[in-house]
Amino acid sequence: MIHAKPEQWVVEADGIAADYSGLIALEDIDLQLRTAQLTAIIGPNGAGKSTLLKLLTGMKKPLRGSLKVCNMDIHAARRANAVAYVPQETAIDWDFPISVRDVVLTGRYGRSRQAGGWRAWLPPRFIGSDHHEKALAAMAAVQVADLADRPIGALSGGQKKRVFIARSIAQEAELMLLDEPLAGVDRRSERIIIDYLKEFVRSGKSVLMVTHDLPTVRDCADWVVLVSRTIAGVGSPEEMLSPEALEKGYHRIERSKGGSGC
Ligand SMILES: Nc1ncnc2c1ncn2[C@@H]1O[C@H](COP(=O)(O)OP(=O)(O)OP(=O)(O)O)[C@@H](O)[C@H]1O
Ligand SMILES: [Mg+2]
């Protein structure tokens, strides 16, 4: 008797809602995403895309519903270092004297603590040489290795973006969440980032990328989720970038706010 291979889901959300001080940002989120895909999350400003990623990292708790990542609950996924996250805005003081290398090494911190022993308590710079090698490989993957000793504050916007992606790569997670990694980056940086993400997916891992760059979604995504306070649509790039699908997702919020009449 032939059994169909069970589906491998990297994200399973069932009836998720999220709020900020009682104001609902997301509701009725039911979503299942397959592993080893580059899934793009699109939708208008304020649609809840960043909130959705924050829920998947465990940084934000859902109001209700159940959420699994890599077949684990969020806490187990955190402990397993299964999820890496590149935030939309990096709330760091750019004048703080930290080098690119040390920023990327913080991506190894969870792994070094997982290994246990006295090294787990050391600052990133002093963790073992294998962690330094992984950090260097991560920097090389997005072509920032030559910037390793520069202070992070001395980099351009696109270079900083690549450094934070390198930090995520260094984590060796199963799922990479990226919130607008292509915003403000030039074509070359965009190519480097996309090529790396494709390679990551080819190795069996999964990517969820929030972006407003619809031509890149058309070219690069395997699957698209249109968010508009809820899931306004899920499908192939061809389906989700059709004028009808975009109209449904992008005008939902505008309609609920009431038009400006312009
Ligand atoms: N820290 C916060 N406190 C209060 N409200 C918030 C907070 N963060 C987000 N919101 C609200 O939640 C809603 C969803 O915000 P979110 O940042 O998830 O949207 P988004 O789809 O990522 O938008 P954008 O494309 O502009 O990044 C918005 O109405 C926003 O004002
Ligand atoms: Mg956002």
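The following conversation walks through a predicted model of a protein bound to one ligand.

Q: How many helices and strands are there in the protein?
A: The predicted model has ten helices and ten strands.

Q: And what share of the residues is buried?
A: Of the 262 residues in the protein, 38% are buried.

Q: What about contacts with a separation of 6 or more; how much of that comes from residues 24 or more positions apart?
A: Such residues account for 67% of those contacts.

Q: Let us turn to the ligand. Which residues surround ligand 1?
A: The shell consists of Tyr-20, Ala-25, Gly-43, Asn-45, Gly-46, Ala-47, Gly-48, Lys-49, Ser-50, Thr-51 and Gln-88.

Q: Which element gives the most to that shell?
A: Helix H1, residues 49-57, gives the most, with three residues.

Q: How does the shell around ligand 1 divide by class?
A: Seven of its residues are polar, three are nonpolar and one is charged.

Q: Tyr-20 is in that list. What does Tyr-20 stand opposite?
A: Tyr-20 stands opposite Leu-23 in E2. Strand E1 covers residues 9-20 and is joined to E2 by eight bridges, with the two strands running antiparallel. Another pair in this ladder is Ala-18, whose bridge partner in E2 is Leu-26.

Q: What lies between E1 and E2?
A: The two strands form a hairpin with two residues between them. In the turn, Ser-21 has a positive phi of about 50°.

Q: Which sheet do they belong to, and in what order do its strands come?
A: They belong to an open sheet of four strands, ordered E2-E1-E4-E5, with antiparallel pairing. Strand E2 (23-34) and strand E5 (72-73) stand at the edges, each with a single partner strand, so one side of each is left without a neighbour in the sheet.

Q: How many bridges join E1 to E4?
A: Five bridges join E1 to strand E4, residues 64-69, and these strands run antiparallel. Ala-17 stands opposite Arg-64 in E4.

Q: Just before E1 there is Gln-8. Is Gln-8 buried or exposed?
A: Gln-8, in the segment before E1, counts as exposed because it has 12 C-beta neighbours inside 10 Å. Not counting residues up to four places away in sequence, Gln-8 touches Arg-34 and Thr-35. The C-alpha atoms of Gln-8 and Ala-36 are separated by 9.0 Å, although the two residues are 28 apart along the chain.

Q: Changing topic: how far does H5 reach?
A: Helix H5 (residues 129-141) has 13 residues and reaches 18 Å from its first C-alpha to its last, close to the 18 Å expected at 1.5 Å a residue.

Q: Which residues of H5 are buried?
A: They are His-131, Lys-134, Ala-135, Ala-138, Met-139 and Ala-141. Seen down the axis of H5, these buried residues fall within an arc of 160°, so they line one face of the helix.

Q: Why would residues three or four places apart point the same way?
A: An α-helix has 3.6 residues a turn, so residues with that spacing point the same way.

Q: What does the face of H5 turned away from its buried side carry?
A: That face carries the exposed residues Ser-129, Asp-130 and Glu-133.

Q: And what follows H5?
A: H5 is followed by Gln-143, which has a positive phi, near 55°. The loop between H5 and helix H6 (157-170) also holds Ile-152.

Q: Why is Ile-152 counted as buried?
A: Ile-152 has 24 other C-beta atoms within 10 Å, so it is buried. Leaving aside neighbours within four places in sequence, its contacts include Trp-94, Ile-98, Val-103 and Val-163.

Q: Where is Leu-175, and which residues is it in contact with?
A: Leu-175 is in strand E7, residues 175-179. Apart from neighbours within four places in sequence, it is in contact with Val-10, Val-69, Cys-70, Ala-82, Val-83, Ser-206 and Leu-208. With 22 C-beta neighbours inside 10 Å, Leu-175 counts as buried.

Q: Last one: how are E9 and E10 joined?
A: Four bridges join strand E9 (residues 223-227) to strand E10 (residues 231-235), and the strands run antiparallel. Leu-226 stands opposite Gly-233 in E10. E9 and E10 form a hairpin with three residues between them, and Arg-229 in the turn has a positive phi of about 70°.

Terms used. Residues are numbered from 1 along each chain as its sequence is written. Chains are lettered from A and ligands numbered from 1 in the order in which they are written. This is a predicted model: local features need pLDDT of at least 70, side-chain atom pairs count only at pLDDT 80 or more; totals for chains, interfaces and linings use all residues. A residue is near a molecule or strand if its C-beta atom, placed from the backbone, lies within 6 Å of it. Ala, Val, Leu, Ile, Met, Phe, Trp, Tyr, Cys and Pro count as nonpolar, Asp, Glu, Lys and Arg as charged, and the others, Gly among them, as polar. A residue is buried if 20 or more other C-beta atoms lie within 10 Å of its own, exposed if 12 or fewer, and partly exposed in between; C-beta atoms are placed from the backbone. Two residues are in contact if their C-beta atoms, placed from the backbone, lie within 7 Å. The expected span of a helix is 1.5 Å times one less than its number of residues. The arc is that of the directions from the helix axis to the C-beta atoms. Two strands pair if DSSP finds at least two bridges between them.
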